Amino acid sequence: MKLYNPGGERGSAMSYAALLEKIEIMRSTLRWASRIERPEVEKLLRQANTLRDEVMGLSHKERFVQALGAETAGDRRAETPAELPPVERAAGERRQALLARSFVFEGTFGDNPKLLDALEIAEKAAPTDLPVLVDGESGTGKELMAKVIHANGARADKPYISVNCGAIPDSLLESELFGHKKGAFTGAANDRKGKFESAHKGTIFLDEIGELPLPGQVKLLRVLQSHEIQRVGSDETISVDARIVAATNKNLRRLIEQGTFREDLFYRLSVIHVTLPPLRDRKDEIPLLVAYYGDESAEALKRRPVTLTPRLRAFLMAYSYPGNIRELRNIMYRLSCLAGETADLSHLPEDIRQEVGAGAIAAPKAPAPAAEITLAEAKRLASDEAERSCLERGLQEVGGTVAELARRWDMNRSHLQILLKKHGLHSKDFRKH
Ligand SMILES: Nc1ncnc2c1ncn2[C@@H]1O[C@H](COP(=O)(O)OP(=O)(O)OP(=O)(O)O)[C@@H](O)[C@H]1O
Ligand SMILES: [Mg+2]
C-alpha cells in the first residue's frame with residue numbers, strides 16, 4: 001500500500017515519483033514504437049486512464065491537506081492554542097494526531113468532535129478484520145467512511161468491492177453476491193464470480209444493508225458464520241476471506257422490532273458501530289466544505305471559483321442541509337455551473353429558493369446563531385455586510401453614478417466596480433428616474 005503522508009513532503013513526493021516512473025515507461029513505449037497496433041493503443045489508453053485517476057486522487061488529497069493548512073493558518077489559528085476554547089483545541093489536536101499517525105483521510109474533512117470520534121473508531125477498527133456497521137443520514141459520508149476503513153487497514157492493496165443491497169432485484173441477489181455456475185438459470189451463459197469472491201482478501205462494502213430482503217439476510221448470515229460461499233447451481237464450497245463493512249441510513253433496531261431485519265445479523269455486522277453525525281450537527285465544518293467544493297467544482301468545470309455574495313454565504317452557513325454533505329457538494333457544483341463571477345441566492349435550486357422566500361431560513365442579514373459559525377466566519381460575514389451596506393448607501397447618495405462615488409471616496413473606479421460585482425450590486429438599480 002502506498003501510504004499518503006500528508007504531514008510531510010515525503011509521502012506525496014514518493015507517490016509523485018511512482019507516477020513519474022509510470023509516465024516514463026509510457027513515453028519510452030511511444031518513443032521506440034515504429035508502429036502501434038490498436039490493441040497496444042487500447043493498452044496505453046488504459047494506462048493513461050489509470051494515471052489520470054491516480055493524479056486526480058493525489059490532487060484531491062493534496063487539496064484537502066492545503067485546505068486543512070489554510071484553515072489551520074487562518075483566523076481560527078491566529079489565536080495561540082492557549083486562547084482557543086478547550087473543545088476546539090482538543091479537536092485541532094486530535095486531527096493533528098491522526099495526521100501525524102499517517103491516517104489516510106480519503107478526502108474526509110472536518111474536526112468536529114463527533115466526526116473525530118467516528119474517524120478514531122475507524123482508525124482502531126481498520127487494522128482488524130472485525131465487521132463494521134456505519135450508520136447515518138443520507139449523504140453524511142458512510143461510503144467514504146467505508147473507504148477510509150479499507151484504506152487504513154492491511155487490505156488496502158486488495159480489492160474494495162461495493163454492493164448496493166437495495167439495488168439488486170430479489171431474483172438476482174444470490175447470483176450477484178455469490179456468483180453462479182453456467183446453466184444454473186436461464187441467462188446464466190457462463191460461470192460467474194460473485195461480489196464476495198471478487199472481494200477475497202479485500203473488503204466488501206454492503207451498502208443499504210437495511211434494504212436486504214430476509215432471504216438474503218439468512219444467506220449473508222451463513223457466509224459470516226462459515227466464511228464460505230457456494231455459487232448458484234454449484235455444490236462446491238469456496239472459502240472467502242472478505243472484510244465486511246455495512247452501511248445503512250435506516251434505524252436497524254427499529255427494523256428488528258418491525259420484523260424486517262434479523263437481530264442475529266445485526267449483532268454479527270455491528271461488532272464495531274460507527275455513527276456519522278448529520279451536517280446540521282457539525283455546522284462548524286460548513287465554511288471549509290464550501291471552500292473545498294467551491295474549488296473542486298471550479299476545477300472540474302475549468303473555471304475560476306465563484307465569489308459568493310454575503311447573503312448567499314450567510315444562507316449557506318445557516319441552511320439545514322437535509323441531504324447533508326452530498327447536498328452541499330451539489331449546491332456548490334450548481335453555483336459554479338450557473339453563476340457568472342458572483343453567485344447569489346437566485347442561483348440556488350428552486351426548492352431551496354422557495355424555503356428562502358418562505359422565510360424558513362434565517363433572513364440573510366440576521367446573524368447566524370453564535371454556536372453555528374466560527375469566530376473567523378462571523379468576523380468575515382460582519383465585514384462583508386458592512387462593506388455591502390456602505391456601497392449601497394454610497395450608490396444611493398450619488399444616484400448610481402459609479403464615477404462620482406469613486407471620486408468622492410478617492411478610489412480607483414475599476415476597483416469599485418469589482419467590489420460592486422462581488423456583492424451583486426448594479427449601479428443602474430440606484431439611478432433616480
Ligand atoms: N467529511 C467529509 N468531507 C468531505 N466530503 C465528504 C465528507 N463526508 C461526505 N463527503 C462527500 O459527500 C458525498 C456523499 O458522501 P457518501 O456517498 O459517502 O454519503 P452516504 O452517507 O453514503 O450517502 P447515502 O446514504 O445517500 O448513500 C461524497 O461526495 C463524499 O465525498
Ligand atoms: Mg452511500
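## Exercises on a predicted model

**Exercise 1.** Where does Glu106 lie, and is Glu106 buried or exposed?

Solution. Start with the position: Glu106 sits in the loop that links helix H4 (86-100) to H5. The model is a predicted one, so we work from computed geometry. Next, count neighbours: 20 other C-beta atoms fall within 10 Å of Glu106. The cut-off for a buried residue is 20 or more, so Glu106 is buried. Now look at the backbone: phi of Glu106 is near 55°, a positive value in a residue other than glycine. For background, most residues other than glycine have a negative phi.

**Exercise 2.** Do the job again for Lys201: find its loop, its phi and its burial class.

Solution. Lys201 is in the loop between helix H8 (195-198) and E5. Its phi is near 75°, again positive in a residue that isn't glycine. For burial, Lys201 has 13 C-beta neighbours inside 10 Å. Exposed means 12 or fewer and buried means 20 or more, so Lys201 counts as partly exposed.

**Exercise 3.** Work out which domains give residues to the largest nonpolar core, and where Met145 makes its contacts.

Solution. First, the core itself: it has 47 residues, and those with the most contacts inside it are Ala122, Val134, Met145 and Ile149. Then list the elements that give two or more residues: helices H5 (113-125), H6 (142-151), H7 (170-178) and H11 (263-269), plus strands E1 (132-135), E5 (203-207) and E8 (243-248). Domain 1 (1-110) and domain 2 (112-277) both contribute, so the core lies between them. Now zoom in on Met145: leaving aside neighbours within four places in sequence, Met145 is in contact with Ala118, Ala122, Val134, Val274 and Leu276. Apart from this core lies another, of 26 residues, including Tyr293, Leu312, Met317 and Ile331.

**Exercise 4.** Which residues of H7 are buried, and what do they pack against?

Solution. Walk along the helix: Leu173, Glu174, Ser175, Glu176, Leu177 and Phe178 are buried in H7. The buried residues of H7 pack against strands E2 (160-164), E3 (179-180) and E6 (228-229), and against H8 and H9. Finish just past the end of the helix: Gly179 follows H7 and has a positive phi, near 85°.

**Exercise 5.** Check the length of helix H9 (residues 214-226) against its expected span.

Solution. H9 has 13 residues, and at 1.5 Å a residue it should span 18 Å. The expected span uses one less than the number of residues. The end C-alpha atoms of H9 are 19 Å apart, which agrees. After H9 comes His227, with a positive phi near 55°.

**Exercise 6.** Describe the shell around ligand 1: which residues come nearest, and how many are nonpolar, polar and charged?

Solution. Of the 16 residues around the ligand, Phe109, Ser138, Gly141, Lys142 and Glu143 come nearest. Sorting the shell by class gives three nonpolar, nine polar and four charged residues. As for elements, H6 and helix H14 (324-338) each supply at least two residues of this shell.

**Exercise 7.** Place Glu355 in its element, then find how far apart Glu355 and Tyr319 are in space.

Solution. Glu355 belongs to helix H15 (residues 350-357). With 14 other C-beta atoms within 10 Å, Glu355 is partly exposed. Glu355 and Tyr319 are 36 residues apart in sequence, and their C-alpha atoms are 9.8 Å apart.

How values were computed
Residues are numbered from 1 along each chain as its sequence is written. Chains are lettered from A and ligands numbered from 1 in the order in which they are written. This is a predicted model: local features need pLDDT of at least 70, side-chain atom pairs count only at pLDDT 80 or more; totals for chains, interfaces and linings use all residues. A nonpolar core is a set of buried Ala, Val, Leu, Ile, Met, Phe, Trp, Tyr and Cys residues joined through C-beta atoms within 7 Å. Helices (H or I, at least four residues) and strands (E, at least two) are DSSP runs, numbered from the N terminus. Domain bounds come from an automatic or database domain assignment. Two residues are in contact if their C-beta atoms, placed from the backbone, lie within 7 Å. A residue is near a molecule or strand if its C-beta atom, placed from the backbone, lies within 6 Å of it. Ala, Val, Leu, Ile, Met, Phe, Trp, Tyr, Cys and Pro count as nonpolar, Asp, Glu, Lys and Arg as charged, and the others, Gly among them, as polar.
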